[in-house]
Amino acid sequence: MTTVIPGISPDSVTPVQIDGELVTGTASVEVRAPYDGTLLGSIPSLGAAEVNRAVAAAKKALHEDPLPQWKRAEILDRAVQLLREREEDFARCIALEAAKPIRTARAEAQRAVSTLQFSAVAARTLSGDVVPMDASAAGQGKLGFILRVPIGVVGAIAPFNFPLNLVAHKLGPAIAAGCPVVLKPASQTPFSSILFAQLLFEAGLPAGYLHVVTGGGGAVGNPLVDHEDVALITFTGSPEVGWGIRARAPRKRVGLELGNNAPLILEPDGDWRSAVAKVKIAGFSHAGQSCISTQRLFVHSSIADDVVKELAAAIETLVVGDPLDEATDVSALINTGERDRVAGWVREAADAGARVAAGGEVRADGVLSPTLIDGATPDMKVCELEVFGPVVAVIRYDDYEDALRMANETRYGLQAAVYTSDIDKALRAARVLDFGGVLVNEVPTFRADQQPYGGLRDSGNTREGPAWSVREMTEERLIILTG
């Protein structure tokens, strides 16, 4: 099978578009496939000069060529059609640069189509409110209403794990809101962003409304965050970097979607067999490199042995290997450093008394096997921190209230879930679990792209989903007319 990304040459530097010009810069960085190290291509290694140029062009476009709502919607509609036609090409790109199994990569491309569809809806329905001015004597004879106007230039910093759909969650709403964007893709997975930008230009997005700047966080990310003409930063990534950005830009609007160690509670009255079947995917899809990958599995002691036995057996059926193989379920982590970190955490848990019930070893092809840890305790790294790897840790409990308490004892707060047939327990979880989203009889890894998605504490400070992101990317302007 070919390892060439459609539209990307491995033999030359792939240019990025800034202010309508294709730019290669004076230095470049190689991009290699995480699975086997194959050279996929090279990208420009840019810096503050290119960021300044991009922001200046974006600001100029906003003031000289504002996009009316109907035009924003039509651009997004055309982008939906183009992306549908090229889903397979984008899936191959994702599979190669992120080591995401091809079937999972196709699902990401399909989700990106959905994200753009909901962004188009948001563009058409974006509206303000009428203010009842004559509700007071002072306002009698006046008409008041709210306009929602673009907040300004958006600086978007994207992660590696969903290199198409999470970029779509930034660019789609920004277009819907009428905001030009300067996009910094993840250096490990830049080609999905570059190809997506080309698609948006083909869909009719004016050149001034999107600029792609590739390079490291210090060289490109910091100048983007610091630039006085960037009104909003949208960042997806680690809590340490995200909150550093928030501290660095106190006067900007900063939207953060960060980490998690997603808990799932299995009560004996719930359909735990259905849960096990879902955790087989939810804990290991894309090698666990998702902010809502099921990580902490709280299992009632009365069913724990059966759950561990069935989940271990299910994990052993996962096909591990080449992301381009149609049969593959799990492939490589983004780099060997991350693989070794996760493997080290598994060893630490075993040394502290936990049992590796499945997986745990690095295979001959360098891929960490999907791993199930039984008898974990909350203080182990595989529970306390975000693993971001193919690991699920089982913690046994006897009392439901203890499970809820342990699920809450975390620095994160993105999504949590519980399986139960008892409506009182379900409502108790909804009220008590301190997370941005609480799911009942579903895994915490579930996400529909139109839902408000975001967390608390070290999981972030915003809600994504086009309808919510568009409002973040606009300002309310009060208009008062006097007759």
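In this predicted model, Ile373 has Ala393 as its bridge partner in strand β16. That contact belongs to a parallel pairing, in which β15 and β16 (residues 391-397) are linked over three bridges. On to the other neighbor: strand β14 (residues 355-358) is joined to β15 by three bridges as well, but here the two run antiparallel. Within that pairing, Ala358 sits opposite Leu372 of β15. Strand β15 itself, spanning residues 371-374, is covered on both faces. Thr371 and Ile373 are buried on one side, and Leu372 and Asp374 are buried on the other.

Asp374 also takes part in a charged contact. Its salt bridge is with Arg355, and the closest N and O atoms are 3.4 Å apart. Because Arg355 lies in strand β14 and Asp374 in strand β15, the pair ties together parts that are 19 residues apart in sequence. The two partners are not equally covered: Asp374 is buried at a relative accessible area of 7%, under the 20% cut-off, whereas Arg355 is partly exposed at 46%. Nor does this pair stand by itself, since salt bridges with shared partners join Asp305, Arg355, Asp374 and Arg396 into one network.

Elsewhere, three strands make up an open sheet, ordered β5-β6-β19, with antiparallel pairing. The edges are β5 (130-131) and β19 (474-482), each of which pairs on one side only. Strand β5 is held to β6 (residues 142-150) by two bridges, and Val130 stands opposite Phe145 of β6.

A salt bridge turns up in this sheet too: the side chains of Glu476 and Arg148 meet at 3.0 Å, N to O. Glu476 lies in β19 and Arg148 in β6, so this pair ties together parts a full 328 residues apart in sequence. Here Glu476 is exposed, with a relative accessible area of 51%, while Arg148 counts as buried at 16%.

In total, the structure holds 33 salt bridges. One of them stays within a helix: Arg78 pairs with Glu74, the closest N and O atoms being 3.9 Å apart. Both residues belong to helix α2 (residues 69-85), and because they are four residues apart there, about one helical turn separates them. Arg78 is partly exposed, at 38% relative accessible area, and Glu74 is partly exposed too, at 35%.

How values were computed:
Residues numbered from 1 in each chain as written. Predicted model: local features only at pLDDT ≥ 70, side-chain atom pairs only at ≥ 80, totals over all residues. Heavy atoms only, no water. Pairing = 2+ DSSP bridges. Buried < 20%, exposed > 50% of the residue type's maximum accessible area, 1.4 Å probe, protein only. Salt bridge = Lys/Arg side-chain N within 4 Å of Asp/Glu carboxyl O.
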